[in-house]
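Student: I should like a close look at a single part of this model, taken step by step. Please concentrate on one unit of secondary structure and then place it in its surroundings.

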Amino acid sequence: MASGKVIADMTDRHRAVEFRKFLNLINRSVPEDLDVHLIIDNVSTHKTPEIHRWLLRHPRFHLHFTRPTARG
């Protein structure tokens, strides 16, 4: 359901631990009866075992990865 609400968090670093904290923030902010779909880039931070375990414990979260961009 589109509400116009933006959930944002800025960090100095972009590691799996910061991404997990952001996922937790989203999880607390979005009503439990809604699925959460995230469109994210393909950086390895989003694919660590820690994140994979978190996602297994939170099945309402669905990650959709962007394709890598062509570099010329």
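Tutor: What follows is an account of one β-α-β unit and of the segments that precede it. The model is predicted, and the description should be read accordingly.

The unit consists of β1, helix α2 (residues 49–57) and β2, and it is right-handed. Its two strands, β1 and β2 (residues 61–65), run parallel and are joined by 5 bridges. One of the residues involved is I40, whose bridge partner in β2 is F65. Strand β1 (residues 36–40) has two faces: V36, L38 and I40 make up the covered face, whereas H37 and I39 make up the uncovered one. I40 therefore belongs to the covered face of β1 and is also paired by a bridge with F65.

The ring of F65 has a further partner, since the charged end of K47 sits over this ring, 4.9 Å from its centre.

Helix α2, the connecting element of the unit, has I51, W54 and L55 as its buried residues. Seen down the axis of α2, these buried residues fall within an arc of 100 degrees, so they line one face of the helix. On the other side of α2, P49, L56 and R57 are exposed.

W54 also links the helix to β2 in another way. A search of the whole structure finds 1 aromatic pair. This pair is formed by W54 and F61, with an edge-to-face arrangement, 4.8 Å centre to centre and 85 degrees between the planes. Both W54 and F61 are buried.

Turning to what comes before the unit, helix α1 (residues 16–29) has 14 residues, which at 1.5 Å a residue should span 20 Å; the end C-alpha atoms are 20 Å apart, and so the two values agree. Buried in α1 are A16, E18, F19, L23 and I26. Viewed down the axis of α1, the buried residues fall within an arc of 160 degrees, so they line one face of this helix. K21 and R28 are exposed on the other side of α1.

Between α1 and β1 lies a loop that contains V30. V30 counts as buried because its relative accessibility is 17%, and the cut-off for buried is under 20%. V30 and I7 are 23 residues apart in sequence, and their C-alpha atoms are 9.3 Å apart in space.

How values were computed
Residues numbered from 1 in each chain as written. Predicted model: local features only at pLDDT ≥ 70, side-chain atom pairs only at ≥ 80, totals over all residues. Heavy atoms only, no water. Buried < 20%, exposed > 50% of the residue type's maximum accessible area, 1.4 Å probe, protein only. Helix = DSSP H or I, 4+ residues; strand = E, 2+ residues; numbered from the N terminus. Pairing = 2+ DSSP bridges. Right-handed = clockwise from strand over helix to strand, strands pointing away. Phe/Tyr/Trp six-rings, centres within 6.5 Å; stacked < 30°, edge-to-face > 60°. Lys NZ or Arg CZ within 6 Å of the ring centre and 35° of its normal. Expected span 1.5 Å × (residues − 1). Arc of directions from axis to C-beta.
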